[in-house]
Amino acid sequence: MKKYFDFKYFKGDLFGGLTAGLVALPLALAFGVSSGLGPSAGLYGAIFVSFFAALFGGTNTQISGPTAPMTAVSMVVIAGIVASFEGDVSKALPAILTVFLLAGLIQVALGVVGLGKYIKYIPYPVVSGFMTAIGVIILITQIMPALGYYPKEDVAYVNTFKPQAEEIILNNILKDEVGDGILVLEDFKETLSRAKSIGQDDILKEAKTIAAKESSGIVGAIKVLPNALSNINWLELLLALGTIIIIYGFKYITKAVPSTLIALLVMSGIAIGFKLNYRPIEQIPNGLPTPIIEIFSNFKLNSITPYIFTAITLALLGAIDSLLTSVVADNMTKTKHKPNKELIGQGIGNSIAAFFGGIPGAGATIRTVVNINSGGKTRLSGMIAGILLLFILLALGSVASQIPAAVLAGILITVGIGVMDYKGLKAIPKMPVPEVTIMLVVLVLSSVWNLVYAVGIGLVIASLIFMKKIGDLTAKRSDVKSLKAEKSWPDEIDFPEELKEKVFIKHIKGPLFFGSTSNFQELAKQIPDSAEIIIIRMGRMQYIDQSGLYVIEDILVDLVAQGKKVLLVNVTEQPKYLLERIDIIPDLIPQNQIFKDFKSCLNWIKNQK
């Protein structure tokens with residue numbers, strides 16, 4: 001039995017894990033900030049997903065953690081849930097983490113039931129549009145922090161929402177009173193008393209919540225861009241630009257050291273060393289991560305139902321992201337990953353990360369490539385990367401809390417630029433219109449509306465187009481639209497002339513499914529009245545679904561009712577099984593009217609004379 005841990009390559013795993021962990025550090029902090037839960041959430045996600053996905057996963061060299069796609073979807077999830085909790089992140093946190101926990105458990109379930117091998121069937125245009133949209137979202141939403149502009153802190157902007165904030169607070173009072181049975185139409189004393197107790201601080205807090213909501217996402221960022229440009233913090237902008245320049249420029253000096261890490265260290269060192277008046281990231285808590293027990297108070301059917309679809313989308317995205325990275329690792333190491341085991345590992349990692357307040361992650365391509373190139377060969381490398389990040393949290397958490405927010409904004413801008421699918425964009429003029437349409441629909445809807453729903457719509461459109469193409473192809477090959485187009489097969493060339501008037505031969509070529517049944521229904525109308533015997537050749541029909549099954553049943557019932565004999569030739573295994581399940585065989589078509597080949601069928605006809 002092969003050892004689960006192979007220490008033969010420990011030196012390479014150690015160096016690979018340490019290098020990948022250092023690459024992961026700035027990205028983890030940046031993705032945490034971008035998500036809306038803060039840098040600690042990104043760091044916790046990187047620690048737990050990296051360690052446990054490596055421990056239980058099916059790709060030995062894979063490094064996992066928060067990624068751009070997972071963070072972009074998480075950002076949408078977090079923003080939506082926080083808005084329903086009046087903008088209070090601390091109150092919304094249990095519900096947010098419930099979604100992340102659900103996504104992890106769904107990934108485990110996908111792996112357990114063996115669905116890992118089917119993830120690869122996601123259409124490329126959907127993935128392309130989605131990845132480009134993620135890049136656009138990250139790029140545009142990080143312009144404001146790169147400029148040092150934060151809508152919630154812009155007094156003039158926030159003040160524009162005060163009337164709306166006051167109206168919302170009053171509506172909430174009325175709703176509470178209706179619920180408590182206090183509101184009486186004849187007596188508004190209690191209502192007036194509560195209304196008078198509303199202070200300016202309450203109105204300001206609600207106005208800030210509205211301002212944050214209105215300025216979120218691409219549309220919101222574009223709306224407040226004029227405000228940001230008129231309130232540029234030049235120090236923050238210079239820190240962000242310096243970060244971007246180092247990330248792109250340092251690669252020309254050497255690729256042995258990650259340029260993202262160098263940019264983080266250099267620009268943070270400048271800001272801290274010269275005691276500049278910059279905006280730091282949120283404080284990272286000291287000590288070990290603590291479990292958030294409140295998550296289980298939300299884990300009830302009525303509480304989690306609204307989030308199930310979102311959790312499924314997050315789980316599938318993580319699965320796709322991870323398995324694509326697994327393929328990259330396979331190509332580099334000449335090994336073969338285990339997709340179902342990988343999903344189980346990713347699900348366990350994401351579930352544990354959620355329990356400790358971390359954002360979800362997936363297999364990260366760049367970190368995995370760095371690990372392999374640095375000598376990583378076994379699952380120990382991914383576990384070491386997680387342990388390194390935990391050490392940094394415990395030993396350097398207070399130092400990391402002094403990192404400038406603008407530096408992380410600069411890192412995220414380069415991530416946004418890098419994650420876009422330029423190959424798919426360049427191919428737009430050359431690709432078929434339906435493929436381009438799917439990509440653009442997903443891209444636009446993801447960018448300006450909702451990432452989760454956009455992917456769902458893209459998959460539906462892609463599936464419908466695929467079914468239409470397969471239906472048309474099947475109809476064309478089966479020649480169901482025209483009797484004149486029906487050509488004899490080689491073994492039919494010497495068919496007796498005296499039988500041609502009373503025998504009608506029909507070929508079914510290709511699957512008979514719901515996308516091709518409408519054309520197949522024309523078969524009954526095409527059969528000449530003079531035909532007494534109908535031969536249906538099914539040797540090239542490998543598959544039939546329920547829709548096709550019932551259509552063929554209806555046709556056979558009509559033909560038998562007309563007194564015609566129906567003969568089935570070379571019925572393949574799957575169609576025959578279904579025909580027997582609903583008793584078409586032998587109730588409508590007796591066993592003696594089913595033949596293995598055309599020759600035996602023809603002999604049977606001759607013997608009926």
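Here is a quick tour of a predicted model, taking in a sheet, two nonpolar cores and one buried acidic residue.

## The sheet

Let's start with the strands. Four of them form an open sheet, paired in parallel and ordered 3-4-5-6. Strand 3 (503-509) and strand 6 (594-595) sit at the edges, each with pairing on one side only.

Take a look at the strand 6 end. Strand 5 (residues 565-569) runs parallel to strand 6, and two bridges join them. If you want a spot to zoom in on, Val569 has Phe595 in strand 6 as its bridge partner.

## The nonpolar cores

In soluble globular proteins, nonpolar side chains tend to be buried together. Here, the largest nonpolar core has 96 residues, and the ones touching the most other members are Phe100, Phe130, Ile134 and Ile411. Helix 2 (residues 39-56) is the top contributor to this core, giving eleven residues. A separate core of 25 residues lies apart from it, with Leu512, Ala531, Leu556 and Val566 among its members.

What does Ile411 contact once neighbours within four places in sequence are set aside? The list is Pro26, Leu27, Ala30, Thr243, Ile247, Thr260 and Leu264.

## A buried aspartate

Now for Asp330, which you'll find in helix 15 (residues 308-333). Asp330 is buried but has no salt bridge. Its nearest oppositely charged side chain is Lys336, 5.0 Å away, and a salt bridge needs the atoms within 4 Å, so this pair doesn't count as one.

Asp330 does have a polar partner, though: its side chain makes a polar contact with that of His337 (2.5 Å). Leaving out residues up to four places away in sequence, Asp330 touches Thr335, Lys336 and His337.

How values were computed:
Residues are numbered from 1 along each chain as its sequence is written. This is a predicted model: local features need pLDDT of at least 70, side-chain atom pairs count only at pLDDT 80 or more; totals for chains, interfaces and linings use all residues. Side-chain values use heavy atoms; hydrogens and water are left out. Two strands pair if DSSP finds at least two bridges between them. Helices (H or I, at least four residues) and strands (E, at least two) are DSSP runs, numbered from the N terminus. A nonpolar core is a set of buried Ala, Val, Leu, Ile, Met, Phe, Trp, Tyr and Cys residues joined through side-chain atoms within 4.5 Å. Buried means under 20% relative accessible area, exposed over 50%, partly exposed in between (1.4 Å probe, protein chains only). Contact means heavy atoms within 4.5 Å. Lys and Arg count as positive and Asp and Glu as negative; His and the chain ends are not counted. A polar contact is a pair of N or O atoms within 3.5 Å; within protein, one must be able to donate a hydrogen and the other to accept it, and residues adjacent in sequence count only if both atoms are side-chain atoms.
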